[in-house]
Amino acid sequence: MTSAIVVSGLHKSYGATHALDGLDLEVTTGEVHGFLGPNGAGKSTTIRVLLGLLRGDEGDVSLLGGDPWRDAAQLHRRLAYVPGDVNLWPNLTGGEVIDLLGRLRGGLDPKKRDDLLRRFDLDPTKKGRTYSKGNRQKVALVAALASDVELLILDEPTSGLDPLMEEVFRQCIEEERQRDRTVLLSSHILSEVEALCDRISIIRRGKVVETGTMSDLRHLTRTSIQAELSAAPNGLASLPGVHSLDVEGNRVHCEVDTAQLDAVMRELAASGIKSLVAQPPTLEELFLRHYEDDSVAAS
Amino acid sequence: MSDFVGTGTLVRLALRRDRVLIPTWIAVFVVMAAGSAQATMDLYTDVASRVEAARTTNASPALVSLYGRIFDETSLGELSLFKLTAFGAALVGLLASILVVRHTRAEEESGRLELLSAGVLGRYAALTAALLVSTGTVVVLGLLTALALIGLGLPAAGSFAFGLIWITAGLSFAGVGALVAQLTEGARTANGFTAIVLGVSYVLRAIGDSSSDGKSEWVSWLSPIGWSQQIRAFAGDRYVVVLLPLAFLALLVTGALALIRRRDVGAGLVRPRPGPAVGAPSLRSPLALAWRLHRGSLYGWGFAFLLLGLLVGNIASNVDGFVTSDSAREMVQKLGGVQAITDAFLSTEMGMVGLLASAYGIQAALRLRSEETALRAEPLLATGVTRTRWLASHVLMALLGTGALIMIAGLGSGLSSGASLGNVGHQVPRMLAAAAVQLPAIWLVTALVVALFGLAPKLVTASWALYGLFLLIGQFGALFNLPQAVINLSPYGHTPRLPGGTFTLTPVLALTAIAAALLAAGLTTFRRRDIG
Ligand SMILES: Nc1ncnc2c1ncn2[C@@H]1O[C@H](COP(=O)(O)OP(=O)(O)OP(=O)(O)O)[C@@H](O)[C@H]1O
Ligand SMILES: [Mg+2]
């Protein structure tokens, strides 16, 4: 397993704002890696450092085996980038922008280009200033997806796309995964990340706080359990991983770390289960937990 | 009335946004007028010296076409301010129209206006607010100038008339700004249209004012700047002429309002047409892209420079006609004869053309920054394009563009002066050389933008301020008795005065070397800094 991206201990500040605060990130070659985090967490900043557009203050960054600051142009021929805010030249048509960007990366596949234009339902003859936000985004996406590159770096690529187009985008990324291309996908849309990504990293205030596969992270979530027992439970409170325990006679309500589920179920069964409702864990919870902490910290 | 809802809010918003810009500009103009008047009063203490100075000016086609005629040769006020009459009026006009476009089309282009229109805003509110801000600014500017002049001891009636010259020019071009802002979808293009109207107005009055036999004097009346001049401050104070620019403003605003009724928010009257679905095979390098981005404005400037060159050459060949009176003939002899005067005129005008070409160079080099802040540099720099190549593409457009412009003007002036003097073969190479020697100073100023872009990108628009400073040093340095060290700061002062003067290599090489050093500094610092 080689790594397409390795970042360790990255710091970056803009004047007084400490945007990245010792960030570690690893993206394995061939995987689709989700990059999640609340607004202002530092996703775009990380990506800009990875592209050599910004220079990190401290820490090591390696991209496709090279140094993105020193070897920017050579490395860029092997990747395609879709920025979060796509601005086009007012007088160039979408088709011209797609071709220009593709050629500057070292070529694009004309068949794939036409196919993508059709699937994204994009008119390439319009001038830059007449595109809507979503359509500007599509121009950048088509240019990136039609390029023959090893790595795709996508910064919130679906912002502004309608649900139909989001679906097209998902299919495209699925195809890229099958071609073993590496994708770094920054996003706010949890379902998108859940559906597409092999592994995800959650970033908060300039640090990666969780990283792993979907099931790794599911482990970090809690299952909510409601049970009616034959007798009052006794050992439940002392088990690790049990939270907000609420016992009323024979009724029990608690949140359980998914990793500790087994022990808790044994304990419950020992008291005789009459009825049981278990709410499956969602990533949303984990995610919200980090997001909420963040807004609490911010306020 | 609902069409105007929200005007007050927008006026306050605009005044807030421009709370530094507007007072600064007003102060610059007032100080410029007062300083010029004070310096002249100190210099010419008696009537005889004033009359002589005025006669010399009126005998020089270069000065008359550049600044306009002095109508009353005994008037202290007119002599004090003649350099700021037409020239200042043009600058006030520029300010007024930029203000209108800035608060209408530029807002619309950025989408901010849409955000506001979704609230409660009448459809005429933006334009009305912009016009109120713009005309209000020039009225205050003109009145304060008049008060400053009265304070210095100039006649009150004349001082107000002078204020009105600037105010009326501002009003005319506020109207122009209002109209062009409706025509195009881009603020840049709208300002380009204004610049063309301004340039044509200036040239028309130059033709009329410098008409030697009075036959083409009427041409000045085709120009809004000409109308303002015809108020003739300190030389009759013809207030009634004010009606002309007022009517012009009313006409243009009516037109603009009619256009607003017929178009959508964000759209222009000129609808963009669809373009090619694929990029031409040549569109494969940053340079090709830069050419696409710069060529439209370069063609426009090129055409204007050709006309300007032809005009300058044509006026030069009329120098003879200026020499009508005996006293003028005597003056001409003192100044070295007709040939010397023609050459002096041509070299002065070439210097002015060089200043204009620098404005193109600055604007073209500023593209670097606008591309960066509009986030259009980022996707390019995330491809195989190095920072050096990207920077070089725009810098090359600026350097070669200014080169092309100045040579076109040189060619035009050589052709037209040669044609009427009957020595094209002699005159064309002389004028091309006169054009070429302007380049090092132009490039230095352009390179200054690049250096700032690398070193202090947030301050890059200060290049306009530096340019303005060089311009003022050149125009008023001697008059204000500035120390030589300050006068030497302006690169334009070091350009050999061709045709006619002697060519010295040292300043040309020095200017070029400084320009190269600035470019190198800009490039190395840009390669090391963050993008964005
Ligand atoms: N050019 C800049 N100058 C100053 N501060 C900046 C700049 N760019 C970003 N920041 C700050 O750095 C922090 C990280 O911003 P960044 O754009 O990386 O966040 P993000 O995770 O991409 O957020 P979003 O989800 O909103 O896109 C924020 O606090 C932001 O305000
Ligand atoms: Mg972002």
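Reader: What makes strands β6 and β7 of chain A partners in this predicted model?

Author: At least two bridges are required for strands to pair. Five bridges join β6 (residues 151-155) of chain A to β7 (residues 182-187) of chain A, and the two run parallel; the requirement is therefore met. Within this pairing, Leu151(A) stands opposite Thr182(A) of β7(A).

Reader: Which sheet of chain A contains these strands, and in what order do its strands lie?

Author: The sheet is open and has six strands, in the order β5-β6-β7-β3-β8-β9 of chain A, with mixed pairing. From one strand to the next, the twist averages 15°.

Reader: Why are β5 and β9 of chain A said to stand at the edges?

Author: β5 (79-82) and β9 (207-213) of chain A each have a single partner strand, so one side of each is left without a neighbour in the sheet.

Reader: Which helix of chain A lies across β3, β6 and β7?

Author: Helix α6 (residues 163-178) of chain A does, running at about 155° to β6(A).

Reader: Why is the pair of Trp390(B) and Phe453(B) called tilted?

Author: The ring centres are 6.3 Å apart, and rings pair if their centres lie within 6.5 Å. The angle between the planes is 50°; because stacked requires under 30 degrees and edge-to-face over 60, the pair counts as tilted. Over all chains, the structure holds 13 aromatic pairs.

Reader: Where in chain B do the two partners lie, and are they buried or exposed?

Author: Trp390(B) belongs to helix α18 (residues 387-421) and Phe453(B) to helix α20 (residues 439-455) of chain B, 63 residues apart, so the pair links distant parts of the chain. Both Trp390(B) and Phe453(B) are buried.

Reader: How do you know that Arg529(B) lies over the face of Phe453(B)?

Author: The distance to the ring centre is 4.7 Å, and the cut-off is 6 Å, with the charge also within 35 degrees of the ring normal. Arg387(B) likewise lies over the face of Phe526(B), at 5.7 Å from the ring centre.

Reader: Which residues have the most contacts inside the largest nonpolar core?

Author: That core has 213 residues, and those with the most contacts inside it include Ile5(A), Phe120(A), Phe162(B) and Trp390(B). Leaving aside neighbours within four places in sequence, Phe162(B) is in contact with residues including Ala33(B), Leu81(B), Leu149(B) and Phe234(B). A second, separate core of 10 residues includes Ala227(A), Leu229(A), Val242(A) and Val252(A).

Reader: Which aromatic cluster includes Phe162(B)?

Author: Phe162(B) forms one aromatic cluster with Trp25(B), Phe29(B) and Trp166(B).

Conventions. Residues are numbered from 1 along each chain as its sequence is written. Chains are lettered from A and ligands numbered from 1 in the order in which they are written. This is a predicted model: local features need pLDDT of at least 70, side-chain atom pairs count only at pLDDT 80 or more; totals for chains, interfaces and linings use all residues. Side-chain values use heavy atoms; hydrogens and water are left out. A nonpolar core is a set of buried Ala, Val, Leu, Ile, Met, Phe, Trp, Tyr and Cys residues joined through side-chain atoms within 4.5 Å. Buried means under 20% relative accessible area, exposed over 50%, partly exposed in between (1.4 Å probe, protein chains only). Contact means heavy atoms within 4.5 Å. Helices (H or I, at least four residues) and strands (E, at least two) are DSSP runs, numbered from the N terminus. Axes are lines fitted to C-alpha atoms, for helices over the stretch in contact, and angles run from 0 to 180 degrees between N-to-C directions. Rings of Phe, Tyr and Trp (its six-membered ring) pair if their centres lie within 6.5 Å; planes under 30 degrees apart count as stacked, over 60 as edge-to-face and the rest as tilted.
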